[in-house]
Amino acid sequence: MRAYAIGDIHGQFDLLRRAHNLISRDGGAGAPVVHLGDLIDRGPDSRGVVDYLMAGQAAGRPWIAVRGNHDPKLAMFLREPLWLDPGAAEPQIYTAKGAHGAAETLASYGVELAEDRPLAEVHAEALALVPGDHADWLERLPLWYRFGDALFVHAGLRPGVALEAQDALDLMWIRKEFHNDGRDHGFLVVHGHTPIREATHYGNRVNMDSGAGQGGPLSVARIDGEGVWLMGDDGARRLGGR
């Protein structure tokens, strides 16, 4: 049994296609491919990412995307332009300059210069140009996916809390309390959310966010009975855990 995980994409459609090509070269046809959330914002082609993943799922590909903290923001902005994310340490509206990467996402749908124009004007254009099924799909993504001995989730878990009792904000936002806890959670937690230089195996968790949203690479890994393997142009390299 094998599954693949792809870290935070952040609108980097070209990097996403490269990641899927690496999976194909690894013989991954038919295996689940889990995208760890934050599909949109910051990068140049969020629309392309959403189109691609929705089309793949509609065609029956075993592609899963879990909900990252950025993914519901577009739908919430369309519904209420002054919405503030309750998970953010310093909540700001979606189109605040430099806050979320909304300008790049909205530009991919044809709404230009969203951070520099009147909010009401940008909101009206977004309502006209962003397909409703894109926003609905992003907002309704599952919070986690379990496969064998691995749990795939965007940010992590609240340690000591049963999976079924986890709070949605923790699953999309948690950092320090999860990162600093070395206990066995009952499964290997494969997550993103916190950018690091390279995908890393910490023993009880694997962080797959290598900073594609900040100009870094997009990491893809194979998880199988032998371990966790980071995929690259020269093949697979095992990620060691404690």
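**Cavity, cores and sheets: a quick Q&A**

User: Which residues line the largest cavity?

Analyst: Keep in mind that this is a predicted model. Going along the chain, the lining of the largest cavity takes in K73, W83, D85, Q92, I93, Y94 and H100.

User: How many cavities of 30 Å³ or more does a search of the whole structure find, and what volume does the largest have?

Analyst: Searching the whole structure turns up one cavity of 30 Å³ or more. As for the volume of the largest cavity, that's about 30 Å³.

User: Which helix gives the most to the largest nonpolar core?

Analyst: That core has 39 residues, and I6, L16, L39, L74, L106, W137 and L138 make the most contacts inside it. Elements that each bring at least two residues include strand 1 (2-6), strand 3 (63-65), helix 2 (46-58) and helix 6 (132-139). With five residues, the top contributor is helix 1.

User: What does W137 touch, leaving out residues up to four places away in sequence?

Analyst: W137 is among the residues with the most contacts inside the largest core. With those sequence neighbours left out, W137 has heavy atoms within 4.5 Å of L39, V50, L53, M54, Q57 and A65.

User: How many residues are in the second, separate core?

Analyst: Among its members are F152, A199, M208 and I223. The count for this second core is 18 residues.

User: Which strands are the edge strands of the six-strand sheet?

Analyst: The sheet is open, with mixed pairing and the order 3-2-1-9-10-11. An edge strand here pairs on one side only, and that picks out strand 3 and strand 11 (235-239).

User: Which residue in strand 9 stands opposite Y4?

Analyst: Strand 1 and strand 9 (residues 220-224) run antiparallel and are joined by five bridges. Across from Y4 in strand 9 you'll find R222.

User: What angle does the direction of helix 2 make with that of strand 3?

Analyst: Helix 2 packs on the sheet and touches both strand 2 (33-35) and strand 3. The angle between the directions of helix 2 and strand 3 is about 135°.

User: In the five-strand sheet, which strands sit at the edges?

Analyst: This one is also an open sheet with mixed pairing, ordered 4-5-6-8-7. Pairing on one side only are strand 4 (144-147) and strand 7 (200-201).

User: What is the bridge partner of L151 in strand 6?

Analyst: Strand 5 (residues 150-153) runs parallel to strand 6 (residues 188-191), with three bridges joining them. For L151, the partner in strand 6 is V189.

Notes: Residues numbered from 1 in each chain as written. Predicted model: local features only at pLDDT ≥ 70, side-chain atom pairs only at ≥ 80, totals over all residues. Heavy atoms only, no water. Core = buried A, V, L, I, M, F, W, Y, C linked by side-chain atoms within 4.5 Å. Buried < 20%, exposed > 50% of the residue type's maximum accessible area, 1.4 Å probe, protein only. Helix = DSSP H or I, 4+ residues; strand = E, 2+ residues; numbered from the N terminus. Pairing = 2+ DSSP bridges. Axes fitted to C-alpha atoms, helices over the stretch in contact; angles between N-to-C directions. 1 Å grid on protein atoms, 1.4 Å probe; cavity = no way out; pocket = protein on both sides within 12 Å on 5 of 7 lines; lining within 4 Å. Points joined across faces, edges and corners; volume = space filled by probe spheres on them.
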